[in-house]
2 protein chains.
Amino acid sequence: MQRYFVEPHQISDREVTITGDDVHHIVNVMRLKPGEQIIVCDGRGRSCLARLRQSSANAVQAQIETWLDEQKELPVQITIGQGLPKGDKMEWILQKGTELGAFAFFPFSSERTIVKLEPKKEAKKLERWTKIVKEAAEQSHRSVLPQIRGQLSFKQALETGAQYTRCVIAYEKEEQAKLREVLDTLVPGDSLLVLIGPEGGFTEQEVEWAESKGFQAVTFGPRILRTETASQYLLSAASYHFER
Amino acid sequence: MQRYFVEPHQISDREVTITGDDVHHIVNVMRLKPGEQIIVCDGRGRSCLARLRQSSANAVQAQIETWLDEQKELPVQITIGQGLPKGDKMEWILQKGTELGAFAFFPFSSERTIVKLEPKKEAKKLERWTKIVKEAAEQSHRSVLPQIRGQLSFKQALETGAQYTRCVIAYEKEEQAKLREVLDTLVPGDSLLVLIGPEGGFTEQEVEWAESKGFQAVTFGPRILRTETASQYLLSAASYHFER
């Protein structure tokens, strides 16, 4: 069944008001008629089954039939801090990361970052990325809509670490510390920040700096993963670990 | 260090002869000179450190210095049977699957396959795919070069199942059987075949047919993964499971 994310304020006790691009999707793409059902999510984890009541050019009204008890979310909230990659790889990372259960994303720049996200283009990029994540969340049947935050410097990324239960930094030269040791310490409700370097990875100094701030350097297996593959490894492993 | 795959017959007791596109890569792209070192793999799991001796337009000679004891391969050989997807997704699946340790791939057609791989175009496609896999294997530091086999029908894909220790079919409607139960039964040296449907997935009848042939239907977590994401989930989970 088709799934749509709305802002919590669009949901009242018994009714949902859908606006924006989703109106076009419901009316013209899916060609849904009054009486047909959809799933509506508030993006914070609450989902309901709703029946379409009426539609205009700007809004679709649907009546809430029942609240759903869905278990679609990773029990640990994982935030992907991604060194801004080249080309359209960030779009792929966001789409796949959303399918695989990421809770939030932010891009950051570090010593080996080649691509610069210019401040005047950032708003437009964030808008496009938000759309990609929303579509992926609907398609993969998420009940939480992953957040995308603005670009940080590496220093700022390290500073945000204090907000999470655990923080790791992906480092291909790390041969001892395994991801399992970190995941084993986490329990449902905990949060994990993962920093993944851009194409050239992190410098030794950056890793040392992160470690001094409480980050654990971890390796994602014995093969060298490209920057756009690392988050998918981490999220798949976390799903396998927690969602038995 | 740069890594190149050669055919076993190109490796003698003490010397390696590199031919084909890799000559251009060594001489013109990497601009490596006599005396510099490379890693050479026979694609079957043997790797050596070799020192460049001389190069011509068609061949590079390198002297083997030492055989390496690399542990780069998943202990269970995983073959990805992929329902042929739209666009260039197959290329992505091959590149990422190689990074994540797949042993072999084959495309297949099933009831919901939309893209047809025409016989006269298949050879050209296989050539392109082989190149993508070789580059990904070199970049991710594999010691085995994954094989790509020709397209099969769904029936043929099921018939090949007899060659593997275990066979699974990815089915999003399967709610009970978990991947872990399958991976727990495998030991190093075993082989696993995973069938992943095209965009529309498998029909109920196809899954029943596979089950009657000894395939286990498994789900890859509570979210719906796109066809190009499923193999990455499976391979990452297998890496996490086996490569502790």
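Me: How many salt bridges does the structure hold over all chains?
Reply: Happy to start there. This is a predicted model, in which local features need pLDDT of at least 70, side-chain atom pairs count only at pLDDT 80 or more, and totals for chains, interfaces and linings use all residues; side-chain values use heavy atoms, with hydrogens and water left out. Residues are numbered from 1 along each chain as its sequence is written, while chains are lettered from A and ligands numbered from 1 in the order in which they are written. With a salt bridge taken as a side-chain nitrogen of Lys or Arg within 4 Å of a carboxyl oxygen of Asp or Glu, the number over all chains is 30.

Me: Which helix of chain A holds both A:Lys155 and A:Glu159?
Reply: Side chains of opposite charge can pair when their charged atoms come close. A:Lys155 and A:Glu159 do meet in a salt bridge, at 3.3 Å from N to O. They sit four residues apart, about one turn of the helix. Helices here are DSSP runs of H or I with at least four residues, strands are runs of E with at least two, and both are numbered from the N terminus; this one, residues 154-159, is α4.

Me: What distance separates the centres of domain 1 and domain 2 of chain A?
Reply: The bounds, from an automatic or database domain assignment, give domain 1 as 3-68 and domain 2 as 77-242. Taken over C-alpha atoms, the centres of domain 1 and domain 2 of chain A are separated by 31 Å.

Me: Which residues of domain 1 of chain A lose the most area to domain 2 of chain A?
Reply: Buried area is the accessible area (1.4 Å probe) that two parts lose on being put together, summed over both. Between the two domains of chain A it is about 750 Å², with 52% from carbon and sulfur atoms. On the side of domain 1, three residues together make up 68% of what is buried there: A:Arg3, A:Phe5 and A:Gly43.

Me: Which residue forms a salt bridge with A:Lys134?
Reply: The rule finds one salt bridge across the interface of domain 1 and domain 2 of chain A. In the bridge made by A:Lys134, the closest N and O atoms are 2.8 Å apart, and the partner is A:Asp22.

Me: How are the two copies, chain A and chain B, related?
Reply: Copies are superposed by least squares on the C-alpha atoms of residues with pLDDT of at least 70 in both. Chain A can be laid on chain B with an RMSD of 0.0 Å by a turn of 180 degrees and a shift of 0.0 Å along the axis. The relation is thus as by a two-fold rotation axis.

Me: Which C-alpha of chain A is nearest the axis?
Reply: The distance of this atom from the axis is 2.5 Å. The C-alpha in question belongs to A:Ala237.

Me: How many salt bridges are there between chain A and chain B?
Reply: Contact means heavy atoms within 4.5 Å, and 36 residues of chain A are in contact with 36 residues of chain B. The two chains bury about 3,500 Å² between them, 50% of it on carbon and sulfur atoms. A:Glu228 and B:Lys96 meet in a salt bridge at 2.9 Å, N to O. The count between chain A and chain B is six.

Me: Which helix gives the most to the side of chain A that touches chain B?
Reply: Helices α2 (89-99), α5 (179-183) and α7 (227-242) of chain A each supply at least two residues of that side. The helix that gives the most, with nine residues, is α7(A).
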